[in-house]
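Visitor: I have a structure to look at with you. I will ask why things are called what they are called.
Guide: Go ahead.

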Amino acid sequence: MRFKFSFLIVLLISVLHVFAQQTKTVTGKVTDAKTGEALPGVTIKAGNSNILTQTTADGNFSINIPSATPTLIFSFVGYADAEVAVTGTAMDVKLTTSEKSLNEVVVVGYGQAVKRDITGSISKITTKDVRDFPAPSFESAIQNKAPGVVVESGSGKLGQGIKIRIRGTSSISANSQPLYVVDGLPVTSTTLSDPTNDPTDPLVDINPNDIESVEILKDASASAIYGARAANGVVLITTKKGHNNQKTVFELDANTGISNPARLRHFLNAQQYVDFYNQAVKSDAEYDIANDLSGFNSLNQAINYYNKKIYAVYGLTLDQLANGTDWKNNKVNTNWQSLLYNHDAPSNQINLSATGGDDKTRFFVSGFYNTQDAIVINNKFYRYGGRLNLEHNPTEKLSIGINISVDRSQLNRVTTDNAFSTPGQLVAQPPITPLYDPETGELNSNTLYPNGLFDAKYNSDKQVTNRTIGNVYANYTLLPSLAFRSEFGADILNLYQEAFQGKQTTDGAGIGKANTIISQATTYNTNNYFTYTPNLGEKNKLSAVVGMSYLQNDSKQSLTNAEQTPSDKIKNLSGTTSITFATSTDDRYNFLSYFLRANYAFNDKYLFSASIRDDGSSRFGPNNRYGLFPSVSGGWILSDENFLKNSKFVNFLKIRASWGLTGNAEIGNFSYFNLYNVSNYPDLPGYIPSQLPNPDLKWEKTAQTDAGIDFGFLNSRITGEFDVYYKKTSDLLLNINVPSTTGYTILTKNLGNMNNKGFEAGITSTNIDSKNFKWTTTFNAAYNKNKVLNIGGQIIEGGFGLTQRAVEGEPIGEFYGQKFLGVDPQTGDAQYLGEDGKPTTDYDAAARVVLGNSNPTWTGGLTNTFSYKGFDLSFFFSFVTGNKIYNAAGIYQSTGFWNGFDNETTDMLNSWKKPGDITNIPRIGFWSGSGYQNSSRFLYNGDYIRLKTASIGYTLPNALIKKMHFTSVRVYVSGYNLITITKYPGDPEVNTETIANIGGGQDFYTIPQARTFTFGLNVRF
């Protein structure tokens, strides 16, 4: 089977010359030479090998090494490396600040490595960046923390799917989300919930406070070890572990918070709405007279006609909109926008953990509970669960362990943005319309549009998820240079969603409806691999990994819709009398893989790495079921050369380059089959052809070249990295349009290519580092440019309001439509770019052109952290530029009643009123308004700078807390989404299209992000 087993044979033969040696355990403590404080997270490496460990929270360590190991090397960010001779089994080590700061341990595929030796592009985010963030999922916490990683939270709704792109979008029809791996186990990250609503985020089941680190594998050298599933990048999540000879440490973290919308649009109040209505009538009358349409003798005659004949007959009068209330004296002034939001939406979270270990056993155990109300009504999230990570050494050569988490969550959902029942569309109701019916005193049902508050009161949509993620493993040291690891893991996700729509609601349609979704996804994964680290002398260092992996996913789902309920008392299927739809699915896919990676270093400064993976998948046709995914990379540590070795400015400088091939298999499980659907017509069962076969269907492949520089200046007071990359995806998995006369509409096949190219930078500086005061700054920025090169001449469209496309020669997600040029000062007509390049007021004659792109060109963030004695302060700014946002609701809320009598945004008060007016808002009017169609008029620059997080804390003095038998006590206050600078009139972090490839940057009554304040307490004892 090609090279699949040859790796194992060659490797085993190569180590026959190595004879068994005894091992021993060395323990000790690492402290700061200046202050005597314990140093947690110090990396300890056994001599010239790849045996690594880290110190615990109190600075202790334990490492199992060959008896012949001469030295241990201690490294820590901001401290000089220390190489200490092994003279016994116990040692105390003191580190002094500085010279090299790039020696932290980084998790890589099937192992870990010291950052100094890495030749690929990997971003690491630690526990302090993801814990205590006021969002259910950790993805929001890493937004703009890693260069080249774009995180888009679609709205302020809780539990909604989050779009992540690593170095751009690499596919058109296939999924472009990264692969997520938790403690070595690939986990389910695609939604299993209601397909008619927004996708939800399965990763909310991972407790952020259990995370030790998140490594993001960005280039092919780092990610190719995951082969066919790595084209979109890989996110490695490592949970917390215990350490040898660590005193048990309990940690309690509790916080409470309140949330409100971060940014709101401004709508007319009752008086403004009445004045605007009258202005619209006047505008229509003036237009009629100016164009001599009806032969009116005076303006008053025209106004009277439009009031009584046009608006009253074809539209609505103010009396009708006000439900008969006294609108002339502003008796009703309903702020509908305020009704869709919770004021000071509460959240509460508590985490309790214990970690520790002795000379043979290490453990981490935790439990958590949190509740959170969204800023939007009826949207809540509850979660509780626990984790156990346990590892034991029965012998010096054998270690066994288990990592397992159990979680239960409940998400109370609201409907998608494009539904009258969603709270977001309440803003369309006129402010002169009363909240309660003036005759009955009940909730008003006589509103311009269906009153979404009925849906909020009488509908329910609860999604309950029970999830277990865990694996068991064993490590056995066959020889001092050869170890074998076997893992078996499972991700078991069970989802039960039950929705009910009462008779009085829009969705209930007067009859009452209910539906149930039951989903189960079970992933089994086993990894078995050897790690070989021979002793090749002082100048040569080799590490190799060879093994296999098998993954199987079984997914089942059943969906049932029913209606006709006698009452709203029974809110499930048993309360209905008619089943209107039912279906079920049962899917399975498999991956069988073999992999090899080798890392070689000569003289600790010339670095080489290569990997190859052979993947087979059930998702592809029998003619192309297997694929090879290789990578090569190299690095050169220039700072160790004689010409830089004694430099006072440069203490570390490494250049690196890589090339590799990765794949994308994220399509349907049966895309190459000839498929039929069942005909459900009563009493006439049968089959209907639904999909053409394609036995040649194969992987989507992405070839990526990367070049980078890692550096440390001024004794590592300034450290960072720069990268440039070029990605080209070929054999795109496309849904090709076929003539409908064939009986089919699409065929999935490999066609075309696209590329992404960009630049990334990350810099960290220690500005001040005195005994009592410290100030550090971290900055990152990334540029990416996407281009569709070839898709067979097709134009693939998406988007929500304004058309978005994938077309050759342009970036994916481009906005395409009529270009708004402004307003004719003499007539108030909207002007558009014509086919001849000149302005035109005829919308139908306007040219359709490229208007911009929804994907940003630049993203980044800036973090400043200060500490003074017991006080700490940090704030993080994120920024995005180069993207466009389309307000798809603009054709209703900003067109002067042409598309309905929706409440209007306050900027409409500046609309054109008379010849000579200079404004960018066209003439309004229900009958003769202008500028009411989809165009770039509602397309805005999406650039923004946002104070994403800010926190201040105080750690009580040791002298005080020791009396209370605590190790540390810290109180803190944090704020999120505090300040936003943008030209977009709404919240710039919105996306109705959530995780789509082509669609993006669309805002259709979308809920803004939340501004949150949390107050917390962290105690260790």
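Visitor: How far apart are the mean positions of the positive and negative charges of the chain?
Guide: They are 6 Å apart, for 88 positive and 90 negative charges. Keep in mind that this is a predicted model.

Visitor: What makes up the fold, in helices and strands?
Guide: The chain has eleven helices and 52 strands.

Visitor: Why is the chain called as compact as a globular protein of its length?
Guide: Its radius of gyration is 31 Å. The globule rule gives 31 Å for 1021 residues, so the chain matches a globular protein of that length in compactness. The C-alpha atoms fill a box of roughly 110 × 70 × 60 Å along the principal axes.

Visitor: How much of the chain counts as buried?
Guide: Of the 1021 residues, 57% do. The accessible surface is about 41,500 Å², and 56% of that belongs to carbon and sulfur atoms.

Visitor: What share of the contacts join residues at least 24 apart?
Guide: It is 70%, counted among contacts between residues at least 6 apart in sequence.

Visitor: How many aromatic pairs does the structure hold?
Guide: There are 55. One of them is Phe871 with Tyr954.

Visitor: Why is the pair of Phe871 and Tyr954 called tilted?
Guide: The centres are 4.5 Å apart, and pairing needs them within 6.5 Å. The planes meet at 40 degrees. Stacked would be under 30 degrees and edge-to-face over 60, so this pair is tilted. Phe871 sits in strand β46 and Tyr954 in strand β49, 83 residues apart.

Visitor: How do you know whether Phe871 is buried or exposed?
Guide: Its relative accessibility is 45%. Buried is under 20% and exposed is over 50%, so Phe871 is partly exposed. Tyr954, at 28%, is partly exposed by the same test.

Visitor: What makes Tyr940 and Tyr984 an edge-to-face pair?
Guide: Their planes stand at 80 degrees, with ring centres 5.3 Å apart. The angle is over 60 degrees, so the pair is edge-to-face. Tyr940 is in strand β48, while Tyr984 is in the loop between β50 and β51. The two are 44 residues apart.

Visitor: Which of these two tyrosines is buried?
Guide: Tyr984 is, at 0% relative accessibility. Tyr940 is at 23%, so it counts as partly exposed.

Visitor: Which residues do ring pairs link into a cluster?
Guide: Among them are Tyr273, Phe276, Tyr311, Phe897 and Trp927.

Visitor: What is noted about the phi of Phe897?
Guide: Phe897 has a positive phi of about 80 degrees, although it is not a glycine. Most residues other than glycine have a negative phi. Phe897 lies in the loop between α10 and β48. At 0% relative accessible area, Phe897 is buried.

Visitor: Where does His965 lie, and what is its phi?
Guide: His965 is in the loop between α11 and β50. Its phi is positive, about 65 degrees.

Visitor: Why is His965 called exposed?
Guide: The relative accessible area of His965 is 69%. Exposed starts over 50%, so His965 qualifies.

Visitor: How do you know whether Ser878 is buried or exposed?
Guide: Ser878 has 1% relative accessibility. That is under 20%, so Ser878 is buried. Ser878 is found in strand β46. Leaving out residues up to four places away in sequence, Ser878 touches residues including Asn144, Gly860, Tyr944 and Arg946.

Methods. Residues are numbered from 1 along each chain as its sequence is written. This is a predicted model: local features need pLDDT of at least 70, side-chain atom pairs count only at pLDDT 80 or more; totals for chains, interfaces and linings use all residues. Side-chain values use heavy atoms; hydrogens and water are left out. Helices (H or I, at least four residues) and strands (E, at least two) are DSSP runs, numbered from the N terminus. The radius of gyration is taken over C-alpha atoms; the globule rule is 2.2 Å times the number of residues to the power 0.38. Buried means under 20% relative accessible area, exposed over 50%, partly exposed in between (1.4 Å probe, protein chains only). Contact means heavy atoms within 4.5 Å. Accessible areas come from the Shrake-Rupley method with a 1.4 Å probe; for residues, only the protein chains shown count as cover. Lys and Arg count as positive and Asp and Glu as negative; His and the chain ends are not counted. The place of a charge is taken as NZ of Lys, CZ of Arg, CG of Asp or CD of Glu. Rings of Phe, Tyr and Trp (its six-membered ring) pair if their centres lie within 6.5 Å; planes under 30 degrees apart count as stacked, over 60 as edge-to-face and the rest as tilted.
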